[in-house]
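Me: Could you take a close look at one part of this model for me? I'd like to know what surrounds it and what sits around there.

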Amino acid sequence: MVTYPGLPTPVVRDWLSRDASRARYAPGTTFQIGQIELVANTGTYLDAPFHRYEGGPDIAAYPLERVADLDGVVIPATTRAGRALDATAFGRTNLRGKAVLVHTGWDAHWRTAQYGAGHPFLTRPAAEHLVAAGAALLGIDSLNVDDDQDGTRPVHTLLLDAGIAIVEHLCNLDALPGSGFRFFAVPAKVTGMGSFPVRAFAVVG
């Protein structure tokens, strides 16, 4: 799986296969031990402040209550004038303490060449609105919350400075209601990492 142009494909293989394990254990007893090599920004992943800021909390230091069992809200953004989504996309929705998931529909291009070019993104005013509104987490079904042509990365800069985690490369947000669900995006507790893959999911009802 490759989700961001230029990042290497993960390698998933057996470290110990079942056949090879037969020589290590009693007859009829086998085990499989897998091995994975990947960059942290693979698949759907969470960015912690350390991703942007050297002194910020890393993945291991991020409090579980900031990434698990969050009250969620979906912001519809499939109908838009262009690629950029500004603060008006959030309307009057109450965002305080919520996992704010921006549904752009870009996941329709998941695992295709088109996914990596021309993606929707949030603007600096949108990020300023999220910070002022007290959002707990921002997720998006797109390549990047920022315009990948803007090297200043204003959305990452503002949100991670405010302690608002970012989840990129979400899929299937169209299956969620606008509100009334709990959102989870919990990474493995690895020290010294600014990003890490997550199994993002929601509990509805």
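Reply: Let's start with what packs over helix α3: the cover on its buried residues includes β3, β7 (121–122), α2 (124–133), β8 (137–140) and β9 (165–168). Keep in mind that this is a predicted model. The helix itself runs over residues 154–161, and six of its eight residues are buried, so α3 is largely enclosed by the rest of the structure. The buried ones are Pro-154, Val-155, His-156 and Thr-157, plus Leu-159 and Leu-160. Just after α3 comes Gly-163, with a positive phi of about 80°.

Two of the covering elements, β3 and β9, also help to place some other residues. Take β9 first: the loop between β9 and β10 (179–184) holds His-169. With a relative accessible area of 0%, His-169 is well under the 20% cut-off, so this histidine counts as buried. Leaving out residues up to four places away in sequence, His-169 touches Thr-3, Gly-43, Thr-44, Tyr-45, Trp-110, Tyr-115, Ile-140, Ser-142 and Leu-143.

Now for β3 (45–47): the loop between β2 (33–37) and β3 is where you'll find Leu-38. Leu-38 has 41% relative accessibility, so it counts as partly exposed, whereas His-169 is buried. Together with Val-12 and Ile-36, Leu-38 makes a nonpolar surface patch of about 300 Å².

Conventions: Residues numbered from 1 in each chain as written. Predicted model: local features only at pLDDT ≥ 70, side-chain atom pairs only at ≥ 80, totals over all residues. Heavy atoms only, no water. Patch = residues over 30% accessible without salt bridge, like charges linked within 9 Å, V, L, I, M, F, W, Y side chains within 5 Å. Areas by Shrake-Rupley, 256 points an atom, 1.4 Å probe, with all protein chains shown as cover. Salt bridge = Lys/Arg side-chain N within 4 Å of Asp/Glu carboxyl O. Helix = DSSP H or I, 4+ residues; strand = E, 2+ residues; numbered from the N terminus. Buried < 20%, exposed > 50% of the residue type's maximum accessible area, 1.4 Å probe, protein only. Contact = heavy atoms within 4.5 Å.
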